Amino acid sequence: MAALSGRSPWRRGWLPALQLVRRGSKAVTRHWKAMHFQRQKLMAVTEYVAPRPAVPPRCLAPTEEDPQEDNGYARLLRRQVQEVFRDNRMIAICQYNSMPGEDMMLMRHYLRKHNIEVKFVLNEIVRPVLSQSKYRNLLPLFVARNILLVSPETKAREMLRVLRGVPQINLLGACIDDTILSRQGVESFAKLPSLETAQGQALGALGLLPSQTSSVLQRCSAHLTALLDQHIRQLQDKETGSQAEPSPAPQSSGTH
(Lines give C-alpha, C1' and ligand atoms only; values in the text may rest on other atoms or scores of the structure.)
Protein backbone atom coordinates (compact mmCIF):
# COMPACT_ATOMS: atom_id res chain seq x y z
CA MET A 1 0.00 0.00 0.00
CA ALA A 2 2.90 2.30 0.77
CA ALA A 3 4.27 1.68 -2.65
CA LEU A 4 0.95 2.44 -4.22
CA SER A 5 0.49 5.56 -2.15
CA GLY A 6 3.89 6.77 -3.26
CA ARG A 7 2.79 6.90 -6.96
CA SER A 8 1.71 10.10 -8.59
CA PRO A 9 -2.04 10.77 -8.56
CA TRP A 10 -2.36 10.83 -12.38
CA ARG A 11 -0.97 7.32 -12.56
CA ARG A 12 -3.41 6.01 -9.99
CA GLY A 13 -6.53 7.51 -11.65
CA TRP A 14 -5.77 6.61 -15.34
CA LEU A 15 -7.71 3.76 -16.96
CA PRO A 16 -7.81 2.76 -20.69
CA ALA A 17 -10.80 3.99 -22.69
CA LEU A 18 -11.44 0.50 -24.20
CA GLN A 19 -10.97 -2.73 -22.37
CA LEU A 20 -11.24 -6.14 -24.10
CA VAL A 21 -12.47 -8.88 -21.85
CA ARG A 22 -12.60 -12.45 -23.18
CA ARG A 23 -15.53 -14.45 -21.91
CA GLY A 24 -16.74 -17.98 -22.57
CA SER A 25 -19.14 -18.69 -25.49
CA LYS A 26 -22.82 -18.65 -24.70
CA ALA A 27 -24.95 -21.74 -25.17
CA VAL A 28 -27.47 -21.73 -27.99
CA THR A 29 -30.81 -21.14 -26.37
CA ARG A 30 -33.00 -20.60 -29.49
CA HIS A 31 -34.03 -23.94 -30.93
CA TRP A 32 -36.68 -24.74 -33.47
CA LYS A 33 -40.04 -25.20 -31.90
CA ALA A 34 -43.22 -26.37 -33.51
CA MET A 35 -45.92 -23.76 -33.98
CA HIS A 36 -48.80 -23.98 -31.57
CA PHE A 37 -51.86 -25.61 -33.10
CA GLN A 38 -54.04 -22.59 -32.38
CA ARG A 39 -51.62 -20.38 -34.26
CA GLN A 40 -51.57 -22.91 -37.09
CA LYS A 41 -55.36 -22.66 -37.30
CA LEU A 42 -55.15 -18.89 -37.30
CA MET A 43 -52.55 -18.88 -40.10
CA ALA A 44 -54.63 -21.31 -42.18
CA VAL A 45 -57.78 -19.21 -41.76
CA THR A 46 -56.06 -15.95 -42.59
CA GLU A 47 -54.18 -17.34 -45.63
CA TYR A 48 -54.76 -15.35 -48.82
CA VAL A 49 -56.74 -17.16 -51.51
CA ALA A 50 -56.60 -15.63 -54.96
CA PRO A 51 -59.98 -15.22 -56.66
CA ARG A 52 -60.74 -17.60 -59.52
CA PRO A 53 -61.11 -16.09 -62.98
CA ALA A 54 -64.62 -15.81 -64.35
CA VAL A 55 -63.63 -17.72 -67.52
CA PRO A 56 -61.27 -20.73 -67.29
CA PRO A 57 -57.98 -20.20 -69.11
CA ARG A 58 -58.63 -23.22 -71.38
CA CYS A 59 -61.75 -21.50 -72.70
CA LEU A 60 -59.92 -18.34 -73.72
CA ALA A 61 -58.83 -17.86 -77.30
CA PRO A 62 -55.08 -18.38 -77.73
CA THR A 63 -53.09 -15.26 -78.24
CA GLU A 64 -51.66 -14.93 -81.69
CA GLU A 65 -47.92 -14.71 -81.61
CA ASP A 66 -46.24 -12.33 -83.95
CA PRO A 67 -44.74 -14.40 -86.75
CA GLN A 68 -41.04 -13.93 -87.03
CA GLU A 69 -39.83 -12.65 -90.33
CA ASP A 70 -38.09 -15.32 -92.34
CA ASN A 71 -34.44 -14.74 -93.04
CA GLY A 72 -33.50 -14.51 -96.71
CA TYR A 73 -30.32 -16.53 -96.18
CA ALA A 74 -32.33 -19.33 -94.51
CA ARG A 75 -34.71 -19.41 -97.50
CA LEU A 76 -31.74 -19.70 -99.84
CA LEU A 77 -30.31 -22.64 -97.86
CA ARG A 78 -33.66 -24.42 -97.81
CA ARG A 79 -33.98 -23.96 -101.57
CA GLN A 80 -30.54 -25.51 -102.02
CA VAL A 81 -31.55 -28.51 -99.89
CA GLN A 82 -34.68 -28.99 -102.02
CA GLU A 83 -32.56 -28.93 -105.18
CA VAL A 84 -30.18 -31.52 -103.69
CA PHE A 85 -33.01 -33.96 -102.99
CA ARG A 86 -34.63 -33.28 -106.38
CA ASP A 87 -31.58 -33.53 -108.67
CA ASN A 88 -29.74 -36.51 -107.17
CA ARG A 89 -30.58 -40.19 -107.23
CA MET A 90 -28.42 -41.08 -104.21
CA ILE A 91 -28.45 -39.05 -100.97
CA ALA A 92 -26.51 -40.62 -98.09
CA ILE A 93 -26.81 -39.20 -94.55
CA CYS A 94 -23.64 -39.52 -92.47
CA GLN A 95 -22.66 -38.49 -88.96
CA TYR A 96 -19.69 -36.13 -89.05
CA ASN A 97 -17.08 -36.20 -86.29
CA SER A 98 -14.19 -33.79 -86.00
CA MET A 99 -11.31 -34.67 -88.32
CA PRO A 100 -8.26 -32.88 -89.72
CA GLY A 101 -8.81 -30.66 -92.73
CA GLU A 102 -6.30 -32.59 -94.84
CA ASP A 103 -8.22 -35.85 -94.31
CA MET A 104 -11.45 -34.13 -95.29
CA MET A 105 -9.92 -32.74 -98.47
CA LEU A 106 -8.53 -36.18 -99.34
CA MET A 107 -11.90 -37.84 -98.78
CA ARG A 108 -13.68 -35.24 -100.93
CA HIS A 109 -11.09 -35.79 -103.66
CA TYR A 110 -11.65 -39.56 -103.72
CA LEU A 111 -15.43 -39.12 -103.68
CA ARG A 112 -15.31 -36.55 -106.48
CA LYS A 113 -13.59 -39.12 -108.69
CA HIS A 114 -16.81 -41.14 -108.56
CA ASN A 115 -19.02 -38.06 -109.07
CA ILE A 116 -20.03 -37.90 -105.38
CA GLU A 117 -20.22 -34.51 -103.67
CA VAL A 118 -20.06 -33.67 -99.94
CA LYS A 119 -22.71 -31.24 -98.62
CA PHE A 120 -22.57 -29.69 -95.12
CA VAL A 121 -26.08 -28.95 -93.85
CA LEU A 122 -27.68 -27.58 -90.68
CA ASN A 123 -30.45 -29.45 -88.89
CA GLU A 124 -32.54 -26.30 -88.46
CA ILE A 125 -32.48 -25.91 -92.26
CA VAL A 126 -33.00 -29.54 -93.31
CA ARG A 127 -35.71 -30.55 -90.85
CA PRO A 128 -38.36 -28.01 -92.02
CA VAL A 129 -37.73 -29.04 -95.64
CA LEU A 130 -38.04 -32.77 -94.97
CA SER A 131 -41.11 -32.41 -92.75
CA GLN A 132 -43.07 -31.07 -95.75
CA SER A 133 -41.79 -33.58 -98.32
CA LYS A 134 -41.98 -37.29 -99.03
CA TYR A 135 -38.64 -37.78 -97.24
CA ARG A 136 -40.06 -37.07 -93.77
CA ASN A 137 -39.03 -40.55 -92.60
CA LEU A 138 -35.41 -39.37 -92.73
CA LEU A 139 -35.99 -36.86 -89.89
CA PRO A 140 -34.78 -39.19 -87.07
CA LEU A 141 -31.33 -39.27 -88.68
CA PHE A 142 -30.80 -35.50 -88.36
CA VAL A 143 -30.08 -35.23 -84.62
CA ALA A 144 -26.39 -34.32 -84.58
CA ARG A 145 -23.85 -32.80 -86.93
CA ASN A 146 -24.50 -34.40 -90.30
CA ILE A 147 -23.18 -34.26 -93.85
CA LEU A 148 -24.77 -35.43 -97.10
CA LEU A 149 -23.03 -37.48 -99.79
CA VAL A 150 -24.99 -36.89 -102.99
CA SER A 151 -24.60 -38.16 -106.53
CA PRO A 152 -26.74 -38.18 -109.69
CA GLU A 153 -25.80 -41.87 -110.04
CA THR A 154 -26.16 -44.81 -107.67
CA LYS A 155 -22.51 -45.20 -106.64
CA ALA A 156 -23.13 -47.03 -103.37
CA ARG A 157 -20.25 -49.49 -103.82
CA GLU A 158 -17.70 -46.74 -104.48
CA MET A 159 -19.02 -44.63 -101.59
CA LEU A 160 -18.69 -47.50 -99.09
CA ARG A 161 -15.18 -48.23 -100.33
CA VAL A 162 -14.09 -44.64 -99.59
CA LEU A 163 -15.90 -44.43 -96.23
CA ARG A 164 -14.25 -47.64 -95.09
CA GLY A 165 -10.99 -45.71 -94.74
CA VAL A 166 -12.54 -42.73 -92.91
CA PRO A 167 -13.67 -43.81 -89.40
CA GLN A 168 -14.78 -40.26 -88.51
CA ILE A 169 -17.67 -40.48 -91.00
CA ASN A 170 -20.42 -42.93 -90.01
CA LEU A 171 -23.10 -43.84 -92.53
CA LEU A 172 -26.58 -43.66 -90.96
CA GLY A 173 -28.84 -44.25 -93.95
CA ALA A 174 -29.53 -43.23 -97.53
CA CYS A 175 -32.24 -42.52 -100.05
CA ILE A 176 -31.54 -44.22 -103.39
CA ASP A 177 -34.01 -43.81 -106.26
CA ASP A 178 -36.67 -42.48 -103.85
CA THR A 179 -36.24 -45.54 -101.60
CA ILE A 180 -35.13 -45.04 -97.99
CA LEU A 181 -32.49 -47.57 -96.91
CA SER A 182 -30.68 -48.23 -93.66
CA ARG A 183 -26.95 -48.85 -93.43
CA GLN A 184 -27.49 -52.59 -93.91
CA GLY A 185 -29.78 -51.84 -96.83
CA VAL A 186 -27.10 -49.71 -98.50
CA GLU A 187 -24.54 -52.49 -98.05
CA SER A 188 -26.94 -55.02 -99.58
CA PHE A 189 -27.67 -52.64 -102.46
CA ALA A 190 -23.94 -52.25 -103.11
CA LYS A 191 -23.59 -56.03 -103.61
CA LEU A 192 -26.16 -56.05 -106.41
CA PRO A 193 -24.88 -56.12 -110.03
CA SER A 194 -25.03 -53.05 -112.20
CA LEU A 195 -28.18 -52.08 -114.05
CA GLU A 196 -26.77 -53.13 -117.43
CA THR A 197 -25.74 -56.54 -116.09
CA ALA A 198 -29.11 -57.08 -114.44
CA GLN A 199 -30.91 -56.10 -117.65
CA GLY A 200 -28.78 -58.54 -119.65
CA GLN A 201 -29.49 -61.34 -117.18
CA ALA A 202 -33.20 -60.60 -117.24
CA LEU A 203 -33.22 -60.49 -121.05
CA GLY A 204 -31.40 -63.82 -121.23
CA ALA A 205 -33.83 -65.42 -118.78
CA LEU A 206 -36.81 -64.07 -120.70
CA GLY A 207 -35.38 -65.28 -124.03
CA LEU A 208 -34.63 -68.74 -122.66
CA LEU A 209 -38.25 -69.54 -121.80
CA PRO A 210 -39.69 -68.99 -125.31
CA SER A 211 -36.88 -71.00 -126.89
CA GLN A 212 -37.53 -73.91 -124.53
CA THR A 213 -41.28 -73.69 -125.19
CA SER A 214 -40.72 -73.67 -128.94
CA SER A 215 -38.40 -76.68 -128.77
CA VAL A 216 -40.90 -78.59 -126.63
CA LEU A 217 -43.74 -77.83 -129.08
CA GLN A 218 -41.66 -78.83 -132.11
CA ARG A 219 -40.32 -82.03 -130.58
CA CYS A 220 -43.45 -84.11 -131.25
CA SER A 221 -43.82 -82.99 -134.86
CA ALA A 222 -40.13 -83.53 -135.53
CA HIS A 223 -40.31 -87.00 -134.00
CA LEU A 224 -43.39 -87.85 -136.09
CA THR A 225 -41.68 -86.59 -139.25
CA ALA A 226 -38.62 -88.69 -138.52
CA LEU A 227 -40.78 -91.79 -138.00
CA LEU A 228 -42.65 -91.20 -141.27
CA ASP A 229 -39.39 -90.70 -143.18
CA GLN A 230 -38.04 -93.91 -141.73
CA HIS A 231 -41.21 -95.81 -142.67
CA ILE A 232 -41.14 -94.46 -146.24
CA ARG A 233 -37.48 -95.41 -146.55
CA GLN A 234 -38.21 -98.94 -145.39
CA LEU A 235 -41.07 -99.29 -147.90
CA GLN A 236 -38.85 -98.04 -150.71
CA ASP A 237 -36.14 -100.48 -149.71
CA LYS A 238 -38.65 -103.36 -149.80
CA GLU A 239 -39.95 -102.41 -153.23
CA THR A 240 -36.47 -102.03 -154.61
CA GLY A 241 -35.45 -105.39 -153.17
CA SER A 242 -38.41 -107.27 -154.69
CA GLN A 243 -37.79 -105.88 -158.23
CA ALA A 244 -34.11 -106.69 -158.19
CA GLU A 245 -34.64 -110.29 -156.97
CA PRO A 246 -33.98 -112.78 -160.01
CA SER A 247 -36.69 -115.20 -161.16
CA PRO A 248 -36.08 -118.89 -160.29
CA ALA A 249 -34.53 -121.12 -163.13
CA PRO A 250 -36.93 -123.66 -164.94
CA GLN A 251 -36.60 -127.31 -163.95
CA SER A 252 -35.08 -129.63 -166.69
CA SER A 253 -37.08 -132.67 -168.01
CA GLY A 254 -35.88 -136.14 -167.26
CA THR A 255 -35.57 -137.27 -170.98
CA HIS A 256 -32.43 -136.42 -172.89
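This is a short walk through one predicted model, from its overall layout down to a few single residues.

Okay, hi everyone. Keep in mind throughout that what you have on screen is a predicted model.

Let's start with the overall layout. The chain has nine helices and five strands. If you follow the sequence from start to end, the pattern reads α-α-α-α-β-α-β-α-β-α-β-β-α-α. Of the 256 residues in the chain, 20% are buried. And if you take the contacts between residues at least 6 apart in sequence, 74% of them join residues at least 24 apart.

Now, the sheet. In what order do the five strands sit in the open sheet? The order is β2-β3-β1-β4-β5, with antiparallel pairing. The edges belong to β2, residues 117-120, and β5, residues 179-182. Each of those has a single partner strand, so one side of each has no neighbour in the sheet. From one strand to the next, the twist averages 25 degrees. For anyone new to this, strands of a sheet pair through backbone hydrogen bonds, either parallel or antiparallel.

Let's look at β4, then. Strand β1, residues 90-96, runs antiparallel to β4, residues 169-176, and seven bridges join the two. Two bridges to pick out on screen: Y96 partners I169 in β4, and C94 partners L171. On to the pairing with β5: β4 and β5 are antiparallel too, over four bridges, and A174 stands opposite L181 in β5. The hairpin of β4 and β5 has two residues between the strands, and there D177 takes a positive phi near 55 degrees. Is β4 mainly enclosed or left open? Six of its eight residues are buried, so β4 is largely enclosed by the rest of the structure.

What lies across the sheet? Helix α5, residues 101-113, lies across β1, β2, β3 and β4. Against β2, α5 runs at about 130 degrees.

While we're in β3, let me stop at one residue. V150 is found in strand β3. V150 counts as buried because its relative accessible area is 3%, and buried means under 20%. Leaving out residues up to four places away in sequence, V150 touches V84, N88, M90, I91, N115, I116, E117 and K119. Take N115 from that list: V150 and N115 are 35 residues apart in sequence, and their C-alpha atoms are 8.6 Å apart in space.

Next, aromatics. How many aromatic pairs does a search of the whole structure find? Two. A pair of aromatic rings is described by the distance of the centres and the angle of the planes. For F85 and Y135, the ring centres are 5.1 Å apart and the planes sit at 40 degrees, so the pair is tilted. F85 is in helix α4, residues 72-87, while Y135 is in the loop between α6 and β3, so to speak a long hop: the two are 50 residues apart. F85 and Y135 are both buried.

The other pair is Y96 and F120, with ring centres 5.6 Å apart and planes at 85 degrees, so that pair is edge-to-face. This one links strand β1, where Y96 sits, to strand β2, where F120 sits, 24 residues apart. We met Y96 a moment ago as the bridge partner of I169. Here the burial is split: Y96 is buried, with a relative accessible area of 11%, whereas F120 is partly exposed, at 43%.

Last stop, the pocket. Rolling a probe the size of a water molecule over the atoms shows where empty space is left. The largest pocket has a volume of about 350 Å³. It is lined by 15 residues, and the closest to its centre are T154, F189, P193, S194 and L195. Which elements give two or more residues to that lining? They are α7 (156-163), α8 (183-190) and α9 (195-244). The most comes from α7, with three residues.

And α7 itself is mostly covered, with six of its eight residues buried. Those buried residues are A156, E158, M159, L160, V162 and L163. The cover over them includes β1, α5, β3, β4 and α8, and among these, β4 is the strand we saw to be largely enclosed.

That's my tour, thanks.

Key
Residues are numbered from 1 along each chain as its sequence is written. This is a predicted model: local features need pLDDT of at least 70, side-chain atom pairs count only at pLDDT 80 or more; totals for chains, interfaces and linings use all residues. Side-chain values use heavy atoms; hydrogens and water are left out. Two strands pair if DSSP finds at least two bridges between them. Axes are lines fitted to C-alpha atoms, for helices over the stretch in contact, and angles run from 0 to 180 degrees between N-to-C directions. Contact means heavy atoms within 4.5 Å. Rings of Phe, Tyr and Trp (its six-membered ring) pair if their centres lie within 6.5 Å; planes under 30 degrees apart count as stacked, over 60 as edge-to-face and the rest as tilted. Buried means under 20% relative accessible area, exposed over 50%, partly exposed in between (1.4 Å probe, protein chains only). On a 1 Å grid over the protein atoms alone, a cavity is a set of points where a 1.4 Å probe fits but cannot get out, and a pocket is an open set with protein on both sides within 12 Å along at least five of seven lines; lining residues have an atom within 4 Å of a point. Grid points are joined across faces, edges and corners, and a volume is the space filled by probe spheres set on the points.
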